[in-house]
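Here's a walk through a model with more than one part to look at. Keep the viewer open and follow along.

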Amino acid sequence: MITLNRRRVLATMAVVPALLLGAPAFAQGGDVTLTHYFTGEFGLKIFNEQVAKFEAATDYTIKNSPIGHEDFKTDILVRAAGDSLPDVFSYWAGARTQFVVDSGSLHTIDDMWARDGLDNVVAKSVADSATMYNGARYLVPFNYHYAGMFYNTQVLADAGVTEMPTTWDGFLALCETLKGKGVTPIALGSKNRWPAQFWFDYLLLGTAGPDYRAGLMNGSASYDDAEVKAAMAMWKDLADKGYFAANANADSWTDASDKVARGDAAMTLMGTWITGYWNGLGLEPGTDYDFFPFPAIADGVPVSVVGPVDGLVISNDGENRAGAEAFLSFMMSNADVQASWTGAYGALSANVNVDPANYNVVMQRVSGIVAGADNFAFNYDLATPPPVAEVGLSMFSRFMDDPSKVDDILAQVAADAAQAFTE
Amino acid sequence: MERENRLWRVILLALPVAVFAAFVVWPLASSFYYSFTDWNGFNPDYDFVGFDNFLKIHTDKLFLNATINTAFWIVAAIVVPTALGLGLALLIDSRIPGGPVFKSIFYLPICLSAVVVGQIWVWIYQPDWGLLNTVVEAVSGENFNYAWLAKPDSALWSVILAWSWQQTGLSMVIFLAGLTTIPEELLEVCEIEGAKAFQRIRLVVIPLLTPATVVVIALNVINSLKGFDILYTMTGGGPFNSSDTLAMHMYNESFKKYLMGYGSAISVVLFLIALTIIRLYFRQLRKVDELHG
C-alpha cells in the first residue's frame, strides 16, 4: 500500500506538470517508418544524406528500409496485404498511385499542402499532373525524370554529325548516316521490357497527340486503331532498316547504356537517370555525352515530354502521421535537399526554388526542354492501369523480337488489353 | 511418469507445430480463401466471386502456356539431372583417374544458391561476350551472337540446362552411395559369365539402384516444383511469357497485375498438381519398399 508523505506529494506535483508540458514535444517526435526504392549505391548514399538533414532539423527519427527497385513493387504489395505499410513510402505518380488511392491505402495530404504552402513550392504543371487523385492530393513529387535521346558525343562527332535532328526525317537521316559509317545508331535494352515503352510513347504522342494517347491509356481507344498501327509502323521502319542494335531483348537498360558509353552504339532513348549512371562511371556531361529531344513528327501535334515522377506518399494505417507529414513537407520544400538530391541523382526537381544552375550542363538543357513542352506525360507503364501495362510491356518485347509480326501482335494486344481493362 | 512424458512430448511438439501452422497451414488456407475473392492485394475491401477465378483459368491463354511449360520443366528437371547424375556416378565409380576430384567439382554447384547459379548462366548465355557464344565462335570461326535467354524458342530450355547443371551433382552423390551397396561379387560373376559392361549396367546395376533412383527422383520432383528463383533470375518468365511456369504466372498475376484473388486461384491449382505428383510418388515408394524390403 502506498502511503502519502510530503516528499511524495512534492515529487508528484513536480513530475505531473513536467509530463503534461512534455507531451506535445513527444507527440512532435518519435519514429517515422519509411520504405523507398532509391537504392542504387550512389542514390542510397545521397538519399540517406537528405534523410539525415530532416532528422537534424526535427525531433523525428527515420526508420529507413530501402528496397531494390523491382523488388519494391512486390514488397509494398505484400506489406499492404499484411496491413503493415510504413508511415511513408516512395511511389510512382500516375496509374500506380491511382491504384493505391482507389484501394484506400493512402492518406490525403490536402491539409499539409495548404498549411505548408506547397502551392508556392511545387511547379504547377507537375503538381497538376502528379499529385491529385480523385479530387484530393496524395503525393509530393520528390523528383521527376525526362526521357530523351542520350548520345555519345564522340561517336556522333566521328560520324561528322554536328546538328542534332529536330524532325523525323532529320532523325532518319542521322540514323542512315551513322549506319553508313558502320555505327549502330540505336541501343535498346528491353530485357526488362519497360525501356522499350519510351519509343511507343513518343511515336504515339508525336503522331496521334496526347488526347488520343490518354484515350488509349484509359481504355476508350483500342490497340488496333489506325493511330496505334501508324506509330508501330514507324517503329517497325526503324527496326527493318537495322537501326537498332541486335538482341535488344537480351540487354538491360544498363547494358544498352554501356554500349553507348563504349561507342558500340550511338544513342539510346532513356530517362534522365542515365545521367546519374554515366556520371557514376566517370563520364563528363556535355563532353562525353549529351542529349536531344525526341524529334517532332507531325505538324500541329502538341510537343510532349515523357517521364516518371517519383513521389512520396503517406499510408492510411501509419502510426506517426504528424511525422510523416513533416517528412514529406521537408523533403519537398527544402531547396537544399531538393538541389542536393536531384543534382546527384540525375533527376529534376519540381521545387520552383531550386536554382537550375544546380544541375550539370545536360540537365540544365533538359530542364529548359521540359519547361517549354506543351504536355508532360507519364511513361506508358505509369499511365495505364497495371494489368493493362503488363499486356503492353509484353507487346513491346514481342515486337522487338520479331517486328514483322506487328499486325498479329496488335490484334492480340487489342483483345488482351480490352480484357485487362475489365479486371 | 507417463503423464510427465506425454506433457513433454506435447511441449516439444508445440513449437514446430506452431511454426508449421503459421508458415504453411495458414498461408495455404488463406490462398484457398482469397481464391474465391476479387481481392487486389491493396484494398481491404473485396467481394466473393464464387468460382469465377477458377472459371477464368479455363479461358486464360497464359495459364495454358504456363501449364505446358511447367510440364516440360518438371519432366526435364527430373529426367536430365537423373540421367546425367547416373552417368557421372557410373563413370566415377569405375575408378577413373581423379575420380574424387571430379566428384567434388560436380557436386559444387548444389552448394550455390539458385540465384547465383542463374546469374552465372546469364553471363554464360550473354550473346555478345558470353562463354557459350564465344566457344561457338571459336569452333565455327564465324560471328555468333544468338540470344539464348531472349528468344522464345530457347529461353526455357536454356534455364533447364542451367538448372540441370546445378542439380546433377546431388543426383550423382546419391547414386554413388547406392552403388556402394551393390556387391562386388555379383558384378564379378556377371563378368565371368560374359556379360558386357552395358549389359551389367542395364540388367544388374540399374535394377539394384532402384532405392537410390526413387530418392533421386523424389528430390528432383520436389526441387523442380520449387524451381521459381532460377527462372525469376534468368528470364523472369520471358521473353513474353515463353518461359512462364505456373509459379511464375501466379507471381505475375498477383504482384504485377495486382490480381491477388486470381493469383490465389492459380496457386490452389498448383498446389493440387503438386499434391497429385507427391501422392503418386508415395504410392510408388510403397511399391518399392514392398519389393526391396
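What follows goes from one chain to the other and then to where they meet.

Before anything else, keep in mind that this is a predicted model.

Let's start with the overall build of chain B. Chain B has 13 helices and 0 strands, so going along from the N terminus you read α-α-α-α-α-α-α-α-α-α-α-α-α. Put a box along the principal axes and the C-alpha atoms of chain B fill roughly 75 × 75 × 30 Å. Of its 293 residues, 35% count as buried. Now take the contacts in chain B with a separation of 6 or more: 72% of them are accounted for by residues 24 or more positions apart.

How do these helices pack? Two packed helices are described by the angle between their axes and the distance between the axes. Try helix H3 (residues 61–93) of chain B against helix H10 (residues 210–225) of chain B: the angle is about 140 degrees, and the axes are 9 Å apart. The cut-off for roughly antiparallel is over 145 degrees, and H3(B) and H10(B) are therefore oblique to each other. The crossing in which H3(B) passes H10(B) is right-handed. If you want to see who does the touching, select Trp73(B), Ile74(B), Ala77(B), Ile78(B), Pro81(B), Thr82(B) and Gly85(B) on the H3(B) side, and Val216(B), Ile217(B), Asn220(B), Val221(B) and Ser224(B) on the H10(B) side. Sorted by type, the residues of this contact between H3(B) and H10(B) come out as 8 nonpolar, 4 polar and no charged.

A second pair in chain B is worth a look. Helix H5 (residues 114–125) of chain B and helix H7 (residues 155–179) of chain B have axes that come within 10 Å and cross at roughly 125 degrees. That angle makes H5(B) oblique to H7(B). H5(B) and H7(B) cross in a right-handed way. From H5(B), the contact uses Ala114(B), Val117(B), Gly118(B), Trp121(B) and Tyr125(B), while H7(B) brings Ser158(B), Ala162(B) and Gln166(B). Here the split for H5(B) with H7(B) is 5 nonpolar, 3 polar and no charged.

Still in chain B, move on to helix H12 (residues 246–256), which is mostly covered, with 10 of its 11 residues buried. The buried set in H12(B) is Leu246(B), Ala247(B), Met248(B), His249(B), Met250(B), Tyr251(B), Asn252(B), Glu253(B), Ser254(B) and Lys256(B). After H12(B) comes Tyr258(B), and its phi is positive, near 60 degrees.

Now over to chain A. The domain assignment splits chain A into domain 1 (4–142 + 308–353) and domain 2 (147–306 + 380–420). Taken over C-alpha atoms, the centres of domain 1 and domain 2 of chain A are separated by 34 Å. Where the two domains of chain A touch, 12 residues of domain 1 are in contact with 12 residues of domain 2. On the domain 1 side of that contact in chain A, H4(A) gives the most, with 3 residues. That domain 1 side divides into 9 nonpolar, 2 polar and 1 charged.

Next, zoom in on helix H12 (residues 253–262) of chain A, where Trp253(A), Ala256(A), Ser257(A), Lys259(A), Val260(A) and Ala261(A) are buried. What do the buried residues of H12(A) pack against? They pack against strand E7 (147–152), strand E9 (265–271) and helix H13 (273–280) of chain A. Gly263(A) follows H12(A), with a positive phi near 90 degrees.

Another glycine to click on is Gly209(A), which lies in helix H10 (residues 209–218) of chain A. With 18 other C-beta atoms within 10 Å, Gly209(A) is partly exposed, given that 20 or more would make a residue buried. Leaving out residues up to four places away in sequence, Gly209(A) touches Val301(A) and Pro302(A). Pro302(A) is 93 residues from Gly209(A) along the chain, yet their C-alpha atoms are separated by 6.5 Å.

Finally, bring both chains into view. The contact between them takes 23 residues from chain A and 21 residues from chain B. On the side of chain A that touches chain B, the elements giving two or more residues are helix H3 (69–81), helix H4 (95–102) and helix H18 (386–401) of chain A. The largest share of that side, 7 residues, comes from H18(A). By type, the chain A side facing chain B divides into 9 nonpolar, 8 polar and 6 charged.

How values were computed: Residues numbered from 1 in each chain as written. Chains lettered and ligands numbered in written order. Predicted model: local features only at pLDDT ≥ 70, side-chain atom pairs only at ≥ 80, totals over all residues. Contact = placed C-beta atoms within 7 Å. Helix = DSSP H or I, 4+ residues; strand = E, 2+ residues; numbered from the N terminus. Nonpolar A, V, L, I, M, F, W, Y, C, P; charged D, E, K, R; others polar. Axes fitted to C-alpha atoms, helices over the stretch in contact; angles between N-to-C directions. Parallel < 35°, antiparallel > 145°, perpendicular 65-115°, else oblique. Left-handed = near helix turned anticlockwise from the far one by under 90°. Domains from an automatic or database assignment. Buried ≥ 20, exposed ≤ 12 C-beta atoms within 10 Å, placed from the backbone.
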